[in-house]
Amino acid sequence: MQELKEDNVLQPAMPTSWYEASKPHKFCPGCGHGIILKCLGEAIDELGIKGKIVFGCDIGCSLLAWDFFDVDSVQTHHGRTTPVITGMKRANTAIIGVAYMGDGGGYAIGSQHLFNAAVRGEKITVILCNNGNYGMTGGQMAPTTLPGMKTETTPYGRDIEETGPPTKGPEMVAAVAPEGSYVARGTIANPRQLKGFIKKALQNQIDGNGFSFVECLSSCPTNWRTNAAQTWEFIEKDMTQYFKVGELRAPQAKEV
């Protein structure tokens with residue numbers, strides 16, 4: 001949209017609504033990252049914390065979110081987003097640190113960082129996209145690939161006798177994180193609930209309670225080779241049968 005100024009030069013008009021101020025994401029058609037990030041953006045706006053956010057994104061599909069928001073952001077090496085945001089939060093406790101990553105960055109190369117940040121109760125928020133494969137590099141098996149699921153490296157389906165079962169990240173974090181932690185698993189199939197989980201995770205950090213972690217069940221139709229109906233069936237049926245959606249840890253309300 002443009003408007004004519006007095007000097008007869010076309011100038012961009014100020015956006016009059018949220019959709020005029022937004023821009024299309026860079027992910028593949030049908031990818032769930034856009035839904036997750038929209039939930040995060042709405043949660044940030046509703047909490048009024050945009051000026052305090054430092055957004056860190058991992059290598060992988062998640063790195064395409066580096067300029068998605070009008071906030072301070074940083075890209076990290078693969079798997080290192082959690083310690084980078086941890087360091088920034090320790091250096092400046094006034095910020096609200098958000099580490100955004102995929103299942104590879106959180107459960108494979110970065111698993112030690114996620115685990116130990118949870119054990120220490122670092123006061124940051126980690127948001128992880130679980131789409132069951134390594135999306136950016138062509139759809140190889142990931143820690144979250146379901147039993148029997150076909151990928152580029154498991155063309156006959158994942159055999160858990162050879163590879164072990166899929167990683168259940170929230171269950172792991174909930175088992176080791178100290179009191180005051182918030183842990184949940186949501187799905188892009190229920191954006192309202194997912195945004196609520198992310199909002200609670202951010203609020204938990206604002207309140208200074210402890211570590212906050214939200215896993216988001218997501219889609220990757222490009223590598224899954226699924227149409228729209230098949231994609232949603234896989235998310236809503238297959239993924240949720242193994243990865244149970246809901247809150248696993250929530251801090252007790254503090255007495256006033």
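**Exercise 1. Determine which stretch of this predicted model has pLDDT under 50, and set it against the protein as a whole.**

Solution. In this predicted model, pLDDT stays under 50 over residues 1–20. For that stretch the model has 16 contacts beyond four places in sequence. Next, consider the whole protein: its average pLDDT is 90, and 89% of the residues score at least 70.

**Exercise 2. Describe the order of the strands in the open sheet and identify its edge strands.**

Solution. Step one is the order. The sheet is built from 7 strands, arranged 4-3-5-6-10-9-11, and its pairing is mixed. Step two is the edges. Strand 4 (72–75) and strand 11 (246–249) each pair on one side only, and they are therefore the edge strands. Step three is the angle between neighbours: on average, neighbouring strands are turned by 15° against each other, with direction ignored.

Step four examines one pair. Strand 9 (residues 182–187) runs parallel to strand 10 (residues 212–217), and the two are joined over 6 bridges. Within this pair, tyrosine 182 has serine 212 of strand 10 as its bridge partner. Helix 7 (residues 169–176) packs on the sheet, where it touches strand 9, strand 10 and strand 11. The direction of helix 7 makes about 170° with that of strand 9.

**Exercise 3. Establish how strand 5 is covered and how it is paired on each side.**

Solution. Begin with burial: 7 of the 7 residues of strand 5 are buried. Then sort the residues by direction. In a regular strand, side chains alternate between the two faces of the sheet. Here Ile96, Val98, Tyr100 and Gly102 point one way, while Gly97, Ala99 and Met101 point the other way.

Finally, examine the neighbours. Strand 5 pairs with strand 3 in the parallel sense over 5 bridges, and cysteine 57 stands opposite tyrosine 100. Strand 5 also pairs with strand 6 in the parallel sense over 5 bridges; in that pair, methionine 101 has leucine 128 as its partner.

**Exercise 4. Identify the elements that supply the largest nonpolar core, and examine isoleucine 198.**

Solution. The largest nonpolar core has 39 residues, of which Leu40, Phe55, Ile198 and Leu202 touch the most other members. Among the elements that each supply at least two residues are strand 3 (53–57), strand 6 (125–130) and helix 8 (191–206). Helix 2 gives the most, with 6 residues. Apart from this core lies another of 18 residues, among them Val54, Ala118, Ile124 and Phe211.

Now consider the single residue. Beyond four places in sequence, isoleucine 198 touches Ile36, Cys39, Leu40, Ala43, Ile127 and Val214.

**Exercise 5. Classify asparagine 133 and arginine 225 as buried or exposed, and give the setting of each.**

Solution. Asparagine 133 is found in strand 7 (residues 133–134). Its relative accessibility is 3%, which is under 20%, so asparagine 133 counts as buried. Beyond four places in sequence, the residues that asparagine 133 touches include Asp103, Gln140, Cys220 and Trp224. Its side chain also makes a polar contact with the side chain of asparagine 131, at 3.1 Å.

Arginine 225 is found in the loop between helix 9 (221–224) and helix 10 (228–242). Its relative accessible area is 59%, which is over 50%, so arginine 225 is exposed. The backbone deserves a final note: phi of arginine 225 is near 60°, a positive value in a residue other than glycine.

Terms used
Residues are numbered from 1 along each chain as its sequence is written. This is a predicted model: local features need pLDDT of at least 70, side-chain atom pairs count only at pLDDT 80 or more; totals for chains, interfaces and linings use all residues. Side-chain values use heavy atoms; hydrogens and water are left out. Helices (H or I, at least four residues) and strands (E, at least two) are DSSP runs, numbered from the N terminus. Buried means under 20% relative accessible area, exposed over 50%, partly exposed in between (1.4 Å probe, protein chains only). Contact means heavy atoms within 4.5 Å. A polar contact is a pair of N or O atoms within 3.5 Å; within protein, one must be able to donate a hydrogen and the other to accept it, and residues adjacent in sequence count only if both atoms are side-chain atoms. Axes are lines fitted to C-alpha atoms, for helices over the stretch in contact, and angles run from 0 to 180 degrees between N-to-C directions. pLDDT is the predictor's confidence in each residue, from 0 to 100. A nonpolar core is a set of buried Ala, Val, Leu, Ile, Met, Phe, Trp, Tyr and Cys residues joined through side-chain atoms within 4.5 Å.
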